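Visitor: Please take me through one part of this model in close detail. I would like to see how its pieces meet, with the numbers attached.

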Amino acid sequence: MIQVNVKLFASFRIGRFDREIREYPQATTVADVVKELGIPEGEIGILLLNSVHVDLKRQLVDKDVLAIFPLVGGG
Amino acid sequence: MDKILRINMGASGGPSQAVEKAGEYTALGGRATTSMIVAKEVPPDCHPLGAENKLVIAPGMLSGTAAAMSGRISVGCKSPLTGGIKESNAGGQAAQVMARLGYAAIILEGKPATDDLYKIHIDKDKVTISVDNSLKLMDNYPLVEKLREEYGDKVAYMTIGSAGERKMAAASIACSDPELRPSRHCGRGGVGAVMGAKQVKAIIFDDNGCKNRQPKDPEKYKAANRAYVEGIRKHAVSGEGLPAYGTNILTNVLNEAGGYPTNNFKTGFFEGGTKISGEAQAELEIKRGGLATHGCHRGCVIQCSGIYNDKDGKFLTKQPEYETVWSHGGHCGIDDLDTIAMLDFLDDNIGVDTIEMGVAVGVAMDGGVIEFGDCEGAIRLVRDEVGKGTPLGRILGGGAELTGKAFAVERVPVVKGQALPAYDPRTVQGIGVTYATSTMGADHTAGYAVATNILKVGGDVDPLKPEGQVDLSRNLQIATTAIDATGMCLFIAFPILDQPETFDALLDLLGSFYGIEMTGDDVVALGKKVLTLEREFNKKAGFGAEDDRLPRFFKTEPLAPHNLTFAVKDEELDELYNWS
């Protein structure tokens, strides 16, 4: 198993959590995490893995920090 | 909008007024109008606070019509902060009301020979310019309260606080919101100091008896507006994120991306970021009986603002924007929302740009004036020094560059004398190109590459690499210049970048209003024309390629957590204005 620090933001927090250390099997992808959390892929705006943009196919490793945002903007 | 009001504040015997035909400016607006008039009429080498500078105020092409989101007002002049051309725009009610009064522009020129302070009241029948020295050194909130006793609530106010009267280079012009709070500011570049130099304390727009401006093709216009609103509402950013969390939703985004400039640009991640995030702010606003969703002008369908109450549930300030939360927050090592909200109120009240003010305070912290993270100290500097015009306050109110010089700080984040906003160019390389090359000095709104680099709206360009950033920034700067002419809020860029049908709806709005065919190429041509004029003005004012650069520390000091420097080469920056 690997431990991943999952952070959720904006509307994705509603009914879920702000941040949690979660355990996943080896070779888990970002898409697996998103699916497990029940987040529709189409609503995802930004995926940051250890502060770098990634796509859903990226495989996670132990101690990764994954931030998941809906499409947001401002300025 | 077929007329221009020209007021010569320096006329012998007191200010004179003349109404001219709008001529070539009839079908223009906003930044296009202000920059064209400034480029044509203001000597580029004049002193910004002298009689030769002019303050030009212009509503957008679609302001005062039924078009949604059309409430931006532009103010132009030679900037006392940058020494170059300036266009600073704001929301609030002024654009709609001024446009319904039929003015394409108001030009304030000259300078009074006496030290009298003036107010200007404009209604459909006449323009009244009167001396009112009882307003001297009043700040914006009490000032508008006092003016309301005389002019009432069915008007729009544009005012300066004490900072504008003191001609501080960070001084702003406040525009009142629908509830008559002076909370929407033409903030950047010291436009408030130029109004102060003209000795105009307040402009009161009264559109009683005026109607909305009418389109040439009402049916097409109505249909276009419907499609436009639909497009704005269905996009996740303008339809959900901005209404619910405001612009401060970006604190967590930039912090997680490692691009949140912290403690005067020393690192890209702020430990206290979550405490001052948009999520935390919206929750607190609702808990205290404020609002997390509020529009700055009637006709806004995004409603990105809010109402921030203090812990006793009393109005403290409008919802501080992301840029403000950053400049007074992470940039200064401050992670307390109440402190930031108080500073936002003080800035609005005194009448200073929240970005310039916050950055100046952070630079002062770096110079040892107070410690990073000192909440009380930051409030004291703004309230008791800037707000009272002490020598220290005048240094801070002169902006980040002046503050850096005064306190011998090496790390001074400015371009062309204007403070950098809330995105570190080492992590968001595209916005670094905009900061370096914009005619306005460092200005994120001039070409918001953050959208494409970080938010993945309107495309995807890797924020950490220099490749593609100049092309990206160029295209965005051209498009933004055109949007700044329309009177549209820049946040329409999110849906129009992603949804071609919403962009078409905007073109149809413009086309059907003026009875012309408007294409994407026309928009690009307008953007290029205005940018070219602005750049020519800056060249004549003494700017060269060496001014289109970021401060050197961005090239030499790597920023954690990515440990990168700004890698776009100088030669590439020089290509920005090479368009065919």
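Guide: What follows is a close look at chain B, from its domains to its contact with chain A and then to two single residues.

Keep in mind that the model is predicted.

Start with the domains. The assignment for chain B gives domain 1 as 3-205. Domain 2 comes in pieces: 261-294 + 303-327 + 335-411. Taken over C-alpha atoms, the centres of domain 1 and domain 2 of chain B are 26 Å apart.

Now the interface between these two domains. Domain 1 of chain B brings 23 residues into contact with 25 residues of domain 2 of chain B. Together the two domains of chain B bury about 1,900 Å². Carbon and sulfur atoms give 50% of that area. Three residues stand out on the domain 1 side: Tyr141(B), Arg166(B) and Met168(B). They supply 28% of the area that domain 1 of chain B buries against domain 2 of chain B, more than any other three residues.

Next, the polar side of this interface. The rule finds three salt bridges across the interface of domain 1 and domain 2 of chain B. One of them can be inspected directly: the side chains of Asp353(B) and Arg188(B) meet at 3.0 Å, N to O. Between the same two domains of chain B, 19 residue pairs are in polar contact, with both residues at pLDDT 80 or more.

Which elements of domain 1 of chain B give two or more residues to the side that touches domain 2 of chain B? They are α3 (140-151), α4 (162-165) and β11 (184-186) of chain B. The largest share comes from α3(B), with three residues. By class, this side of domain 1 of chain B divides into nine nonpolar, seven polar and seven charged residues.

Turn to the contact with the other chain. Here 32 residues of chain B meet 20 residues of chain A. The area buried between chain B and chain A is about 1,900 Å². Carbon and sulfur atoms give 65% of it.

The count of salt bridges between chain B and chain A is one. Its partners are Glu256(B) and Lys7(A), whose side chains meet at 2.9 Å, N to O. Seven residue pairs between chain B and chain A are in polar contact, both residues at pLDDT 80 or more. Four helices of chain B each supply at least two residues of the side that touches chain A: α7 (236-245), α8 (250-256), α17 (450-455) and α19 (493-498). That side of chain B has 18 nonpolar, nine polar and five charged residues.

Finally, two single residues. Thr480(B) sits in helix α18 (residues 469-486) of chain B. Is Thr480(B) buried or exposed? Thr480(B) counts as buried, because its relative accessibility is 6% and the cut-off for buried is under 20%. A polar atom of the Thr480(B) side chain lies 2.6 Å from the backbone oxygen of Leu476(B). Leaving aside neighbours within four places in sequence, Thr480(B) is in contact with Thr445(B), Ala446(B), Gly447(B) and Leu490(B).

Asp504(B) belongs to helix α20 (residues 500-514) of chain B. Asp504(B) counts as partly exposed, because its relative accessibility is 40%. Asp504(B) and Thr519(B) are 15 residues apart in sequence. In space they are 8.3 Å apart, C-alpha to C-alpha.

Conventions:
Residues numbered from 1 in each chain as written. Chains lettered and ligands numbered in written order. Predicted model: local features only at pLDDT ≥ 70, side-chain atom pairs only at ≥ 80, totals over all residues. Heavy atoms only, no water. Contact = heavy atoms within 4.5 Å. Buried area = accessible area lost by both parts, 1.4 Å probe. Salt bridge = Lys/Arg side-chain N within 4 Å of Asp/Glu carboxyl O. Polar contact = N/O pair within 3.5 Å; in protein donor to acceptor, adjacent residues only side chain to side chain. Nonpolar A, V, L, I, M, F, W, Y, C, P; charged D, E, K, R; others polar. Buried < 20%, exposed > 50% of the residue type's maximum accessible area, 1.4 Å probe, protein only. Domains from an automatic or database assignment.
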